[in-house]
Amino acid sequence: MENIEKCELWQGDCLELMKDIPSGSVDLVLTDPPYGMGFQSHRRKEVYAKIKNDTSLEWLDGYFAECNRILKDDTAIYCFCSWHNVDIFKKAFEKYFKLKNIIVWVKNNHGSGDLKASYAPKHEFILYGNKGRRTFYGKRMEDVIFANKTKNENHPTEKPIDLLEQFINNSTEKKSVVFDGFMGSGSTGVACVNTNRRFIGIELDEGYFNIAKQRIDEAIKGGANG
Ligand SMILES: C[S@@+](CC[C@H](N)C(=O)[O-])C[C@H]1O[C@@H](n2cnc3c(N)ncnc32)[C@H](O)[C@@H]1O
C-alpha cells in the first residue's frame, strides 16, 4: 500500500483488498470498471495489453455489494459503463443502490465500430445512484454531459479529469473520502487531489498502478495533470 498524503493507493485485486476497508467509511464511489467487452485499443496495440477482467462480468455483483458496504448512509455512486452491457450493469447496480439516472457522456469525437453498418459511437453511460439519498452540493445538472475525450496517453480507457471533478463536487464536500476500485492510471485520484478530497484507489495491473502513483504524486506537487 502506498500512502501519498491524503491518498491511499493499493495494488491488487479490489475484491480482496476492499475487505480491509471499514463498513460505512466512504463518502463517494466514483468508479470505472472493465466494461466486459474484451476491449483492446486498436490504435495502441503495441503499447497497451488487454484490460484485466474484461472478458466476463461475474465479479460485478460482488463489487457493488462491497461498494454498498463501505459507503456511508446517504451517499452517491457513479459507475461508468457502455451500452453493450448496460443491462447487466443496471441489474447488478439496482440490487444494491437506488438508480437515479443513467447519465450520458457525449464525447467531442467519435470512435470507429462497424464503419459501414453502425452509427459512429460518441457516448458512454454513467450509472448514478444513491445509498439512502444524497442531495447535490452543487447546482443540479442535466443528465447529458459534454466533455472532451482524453488522448489516452496514460491508459487506453482514460477518463477526463474535468468530468470526474464535476461528479466529485456535486456529491461530496471537501476532505470527503472517494473510492475507485478500478483506478487504472489514477484519473479519479488526480480529480480528488484537484478538488481537495481524500482518495482510496486500487489497481490490479502493476504498470497502471505505477502510472497512477506517479500522476497522483505530480498532481499533489502541482504537476501537469490538473
Ligand atoms: C476501465 S479501466 C480504468 C481506467 C481509469 N478510469 C483511467 O482513467 O485510467 C479498468 C481498470 O481496472 C483494472 N482491474 C481489472 N480487474 C481489477 C481488479 N480485480 N482489481 C483492481 N483493478 C482491476 C484494469 O487493470 C484496468 O486498468
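This report walks through the strand pairing, a helix crossing, the nonpolar cores and one loop residue of a predicted model.

## Strand 5 and its partners

Let's start with the sheet. Strand 5, covering residues 98–106, pairs with strand 6, residues 123–131, and the two run antiparallel with 8 bridges between them. If you want a spot to look at in this pairing, try Leu99, which sits opposite Gly129 of strand 6.

Strand 5 also pairs with strand 7 (residues 144–146), this time in the parallel sense and through 3 bridges. Here Trp105 is the residue to find: across from it in strand 7 is Ile145.

## Helix 2 against helix 3

Next, the helices. The axes of helix 2 and helix 3 come within 9 Å of each other, crossing at roughly 30°, and the crossing is right-handed. On the helix 2 side, the contact is built from Leu60, Asp61, Phe64, Ala65 and Asn68. Helix 3 answers with Ile88, Phe89, Ala92, Phe93, Lys95 and Tyr96.

Phe64 is worth a click. Setting aside neighbours within four places in sequence, Phe64 touches Phe89, Ala92, Phe93 and Tyr96, and its contacts also include Ile77, Cys79 and Phe97.

## Two nonpolar cores

Nonpolar side chains in soluble globular proteins tend to be buried together. In this model, the largest nonpolar core holds 30 residues, and Met18, Tyr63, Phe64 and Phe179 have the most contacts inside it. At least two residues of this core come from each of strand 3 (26–31), helix 2 (60–70), strand 4 (71–81), helix 3 (86–96), strand 6, strand 8 and strand 9 (198–203). Helix 2 is the top contributor to this core, giving 5 residues.

There's also a second core, separate from that one, with 29 residues. Among its members are Leu30, Tyr78, Val190 and Ala191.

## Thr172, tucked into a loop

Last stop: Thr172, in the loop that links helix 4 (161–171) to strand 8 (177–180). Its relative accessibility is 2%, so Thr172 counts as buried, the cut-off being under 20%.

What does the Thr172 side chain have beside it? A polar atom of that side chain lies 2.7 Å from the backbone oxygen of Ile168. Leaving out residues up to four places away in sequence, Thr172 also touches Asp27, Leu28, Tyr137 and Arg197.

Conventions
Residues are numbered from 1 along each chain as its sequence is written. This is a predicted model: local features need pLDDT of at least 70, side-chain atom pairs count only at pLDDT 80 or more; totals for chains, interfaces and linings use all residues. Side-chain values use heavy atoms; hydrogens and water are left out. Helices (H or I, at least four residues) and strands (E, at least two) are DSSP runs, numbered from the N terminus. Buried means under 20% relative accessible area, exposed over 50%, partly exposed in between (1.4 Å probe, protein chains only). A polar contact is a pair of N or O atoms within 3.5 Å; within protein, one must be able to donate a hydrogen and the other to accept it, and residues adjacent in sequence count only if both atoms are side-chain atoms. Contact means heavy atoms within 4.5 Å. Two strands pair if DSSP finds at least two bridges between them. A nonpolar core is a set of buried Ala, Val, Leu, Ile, Met, Phe, Trp, Tyr and Cys residues joined through side-chain atoms within 4.5 Å. Axes are lines fitted to C-alpha atoms, for helices over the stretch in contact, and angles run from 0 to 180 degrees between N-to-C directions. A crossing is left-handed if the near helix is turned anticlockwise from the far one by less than a right angle, and right-handed if clockwise.
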